[in-house]
Amino acid sequence: MTTFLPPELMSALGISLYALFISILTPQIRKHLPLAMVVTVSAVTSTLIGSSQGIIIGSLAGAAAGMFLVKEEDLP
C-alpha cells in the first residue's frame, strides 16, 4: 500500500489520535466514577490482548461493562 505521507508523519498522526480520545474522555471521567471504571476495563482488556483485535474486544468489553456500571440517571 502506498501512502503520500512519510512514515514519521503517519506515526505522529497515530499518536495524536490517541491524544484526541484521551482529551475527549478526561473531563467526563473526572466527574463520574462509573465511567472511569468502564474506561479502565476497556483499556486493560485492550492491553492484555495487544493486537488490533484487542482494541475491538476492549471496546466491546467496555460497552458491556458500561451496561451494568453506568445508570442512565448518572449521565450528564
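**View A. Helices H2 and H3 build a nonpolar surface patch.** In this predicted model, helices H2 and H3 each contribute at least two residues to the nonpolar patch. The patch covers about 590 Å² of surface, and its members are Val44, Leu48, Ile49, Ile56, Ile57 and Leu60.

**View B. A look at Ile49, one of the patch residues.** Ile49 sits in helix H2. Is Ile49 buried, partly exposed or exposed? With a relative accessible area of 39%, Ile49 is partly exposed, because values between 20% and 50% fall into that class.

**View C. The largest pocket holds about 460 Å³ of space.** Its lining is made by 13 residues, and those closest to the pocket centre are Tyr18, Phe21, Ser42, Ser46 and Ile55. Three elements each give two or more residues to this lining: helix H1 (7-31), helix H2 (33-49) and helix H3 (52-69). Which helix gives the most to the lining? That is H1, with six residues. If you are wondering about the chemistry of the lining, eight residues are nonpolar and five are polar, while no charged residue takes part.

**View D. Met67 of helix H3 is shown with Val38.** Met67 has a relative accessibility of 62% and is therefore classed as exposed, since the cut-off for that class is over 50%. Follow the chain between Met67 and Val38 and you will find them 29 residues apart in sequence; in space, their C-alpha atoms are 9.3 Å apart.

Methods:
Residues numbered from 1 in each chain as written. Predicted model: local features only at pLDDT ≥ 70, side-chain atom pairs only at ≥ 80, totals over all residues. Heavy atoms only, no water. 1 Å grid on protein atoms, 1.4 Å probe; cavity = no way out; pocket = protein on both sides within 12 Å on 5 of 7 lines; lining within 4 Å. Points joined across faces, edges and corners; volume = space filled by probe spheres on them. Helix = DSSP H or I, 4+ residues; strand = E, 2+ residues; numbered from the N terminus. Nonpolar A, V, L, I, M, F, W, Y, C, P; charged D, E, K, R; others polar. Patch = residues over 30% accessible without salt bridge, like charges linked within 9 Å, V, L, I, M, F, W, Y side chains within 5 Å. Areas by Shrake-Rupley, 256 points an atom, 1.4 Å probe, with all protein chains shown as cover. Salt bridge = Lys/Arg side-chain N within 4 Å of Asp/Glu carboxyl O. Buried < 20%, exposed > 50% of the residue type's maximum accessible area, 1.4 Å probe, protein only.
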